[in-house]
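Hello,

Here is the structure I promised to pass on to you. Have a look at it first, and then read on for my notes.

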Amino acid sequence: MTIRRALLVLLAALVLLAAVLVVRTLQFTPAPQPQQPRQTVAVDAQQVAAHLAEAIRFRTVSYGEAERIDYDQFGAFIQWLGQTYPKVHQVLSRTPINQYTQLYRWQGTDPSLAPVLLSAHFDVVPVDPGSEALWQHPPFAGVVADGQVWGRGALDDKGSVVSLMESLTLLIDQGFSPKRTILVALTHDEEIGSRHGAQAVVAKLKADGIKPAWSLDEGSFILDGVVPGVTQKVASINVAEKGFLTLELVARAQGGHSSMPPRETAVGILAKALVKLQDHPVPGGLDGLSAEMYGTLARNMGFGKRLLFANRWLFDPLITGALEAMPSGNALLRTTTAPTMLSGSVKANVLPIEAVGTVNFRLHPRDSAESVVAYVKEQIQDPRVEVKVTDSMDASRVSSADTDGFKALAQASQQSYGQLVVTPGLTLGATDSRFYDNWADNAYRFTPMVLRADEIPLFHGTNERVRIDNLAGAVSFYTLLLTHSCGG
Ligand SMILES: [Zn+2]
């Protein structure tokens with residue numbers, strides 16, 4: 001009897017638990033979004049494509065070795081901008097910064113409104129030597145074929161440069177006059193650190209006392225089939241970006257001939273330290289921005305996944321474990337650890353006096369370079385291993401997703417592309433926004449184009465290209481965005 005009663009109580013408890021889980025899941029649905037009817041902007045997509053093809057033909061390549069950069073190409077590109085977009089150059093003022101970066105300003109009529117800053121870069125990365133033959137169309141030929149524009153910079157980031165200039169031209173043609181001042185920065189050294197481009201733009205704005213309400217630059221896309229479990233397109237408007245930290249671990253030991261080695265050589269000491277770091281990743285988890293992002297995304301997933309996310313109080317270890325198992329999920333949860341370079345003795349039979357391992361960390365906004373160095377030392381706990389910082393930059397601030405600027409970005413996306421899941425997100429690499437972030441009230445990282453999973457390798461890759469419907473969408477997006485957030 002008592003066993004039967006106990007079983008009944010257990011069964012009742014399980015039924016109750018199941019009911020709680022299911023009810024919570026059924027309530028865990030997307031927040032109601034204001035319906036954004038699609039708006040059509042009359043974009044001549046073929047002309048935009050033809051202009052982008054022309055832009056690609058300028059070899060505005062950023063090389064790490066400054067002497068290899070062909071600045072004549074940069075100068076010619078800027079001349080081309082003037083010839084191709086004469087109205088923009090008549091109506092907006094233009095300030096060259098360090099000669100090649102161009103800062104345009106469309107003066108608003110209401111000086112009480114803080115300006116907005118839109119930015120894109122026209123330098124591109126080199127083509128991998130030896131990969132030229134793999135390109136279906138030569139990387140600097142600027143070919144329009146199969147509904148796409150082919151060439152280096154098509155996606156990153158000349159497509160945005162051209163779309164911005166096209167939308168400014170459209171607005172001028174419509175007789176638009178901004179109430180809020182519009183700033184547009186076209187920068188020339190994003191791929192090599194932005195010292196003379198975005199950094200100088202911020203210095204100039206600071207000197208002039210011009211503080212933007214928000215900035216918009218590259219850093220994410222409208223993701224199509226990229227987020228596991230979400231079938232809708234996801235506009236990830238990123239509000240922060242990770243930083244980085246590069247450490248050299250230097251292990252020291254006695255040198256000598258390898259025929260009579262000590263129990264541990266410098267290589268062995270270093271290897272142990274590296275294994276400790278690999279086995280003890282920097283702590284992370286689903287909180288802050290990552291929690292907000294997955295909170296939004298999971299509401300659009302199937303019942304099973306929604307069940308988990310709706311009941312995090314019970315399933316958090318399961319969710320975190322599943323995300324950590326995917327490199328892309330793990331990178332959103334924590335500061336990542338990647339040992340990348342190793343060196344030891346110069347000869348097979350010589351014991352190394354020192355062995356050096358390089359470890360590259362990508363800093364989550366919750367960690368600082370300093371806190372990660374402290375964590376690394378605590379894990380290694382070996383006085384024979386010196387920890388040297390060779391390079392670092394902290395993660396950005398986290399901009400607010402609860403602003404008129406963010407809402408305007410979301411609205412213009414939906415008006416241009418139809419219904420989307422909109423979420424704030426985290427950019428894993430470094431962009432020019434890390435500088436804008438220091439000055440604008442909020443910095444957003446988002447290119448208004450749809451990106452499919454198979455298009456991700458095109459960045460800095462072979463056969464870089466952009467779909468023409470994305471160019472039309474981007475022109476529409478910028479036009480609607482500026483109309484609504486800067487118009488009367
Ligand atoms: Zn870029």
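Let me begin with a single residue: L314 has a relative accessibility of 36%, so it counts as partly exposed. Please keep in mind that this is a predicted model. L314 sits in helix 10, and it belongs to a nonpolar surface patch of about 890 Å². The other members of that patch are I3, L7, L10, L14, L16, L17, V20 and W313. Two helices, helix 1 (2–27) and helix 10 (312–325), each supply at least two of the patch residues. Helix 1 gives the largest share, with seven residues.

Now to the charged side chains. The count of salt bridges comes to 19, and I picked out three pairs for you.

The pair R366 and D287 has its closest N and O atoms 2.9 Å apart. R366 is in the loop between strand 14 (354–363) and helix 12 (369–380), while D287 is in the loop between helix 7 (266–279) and helix 8 (288–298), so this salt bridge ties together parts that are 79 residues apart in sequence. Both ends are partly exposed: R366 has a relative accessible area of 32%, and D287 has one of 38%.

In the second pair, D382 meets R384 in a salt bridge at 3.0 Å, N to O. Is D382 buried or exposed? With 16% relative accessibility, D382 counts as buried, because the cut-off for that is under 20%. Its partner R384, at 36%, counts as partly exposed. This pair also has company, as D382 and R384 are linked with E264 and K272 in a network of salt bridges.

The third pair is D437 with R397, whose side chains form a salt bridge at 3.5 Å, N to O. Here too, distant parts of the chain are linked, with the two residues 40 apart. D437 lies in the loop between helix 14 (433–436) and strand 17 (442–445), and R397 lies in the loop between strand 15 (385–393) and helix 13 (404–417). D437 is buried, with a relative accessibility of 4%, whereas R397 is partly exposed at 40%.

If you open the model, you could start at the patch residues of helix 1 and helix 10, and then move on to the network of E264, K272, D382 and R384.

Happy browsing, and best wishes

Technical notes:
Residues numbered from 1 in each chain as written. Predicted model: local features only at pLDDT ≥ 70, side-chain atom pairs only at ≥ 80, totals over all residues. Heavy atoms only, no water. Patch = residues over 30% accessible without salt bridge, like charges linked within 9 Å, V, L, I, M, F, W, Y side chains within 5 Å. Areas by Shrake-Rupley, 256 points an atom, 1.4 Å probe, with all protein chains shown as cover. Salt bridge = Lys/Arg side-chain N within 4 Å of Asp/Glu carboxyl O. Helix = DSSP H or I, 4+ residues; strand = E, 2+ residues; numbered from the N terminus. Buried < 20%, exposed > 50% of the residue type's maximum accessible area, 1.4 Å probe, protein only.
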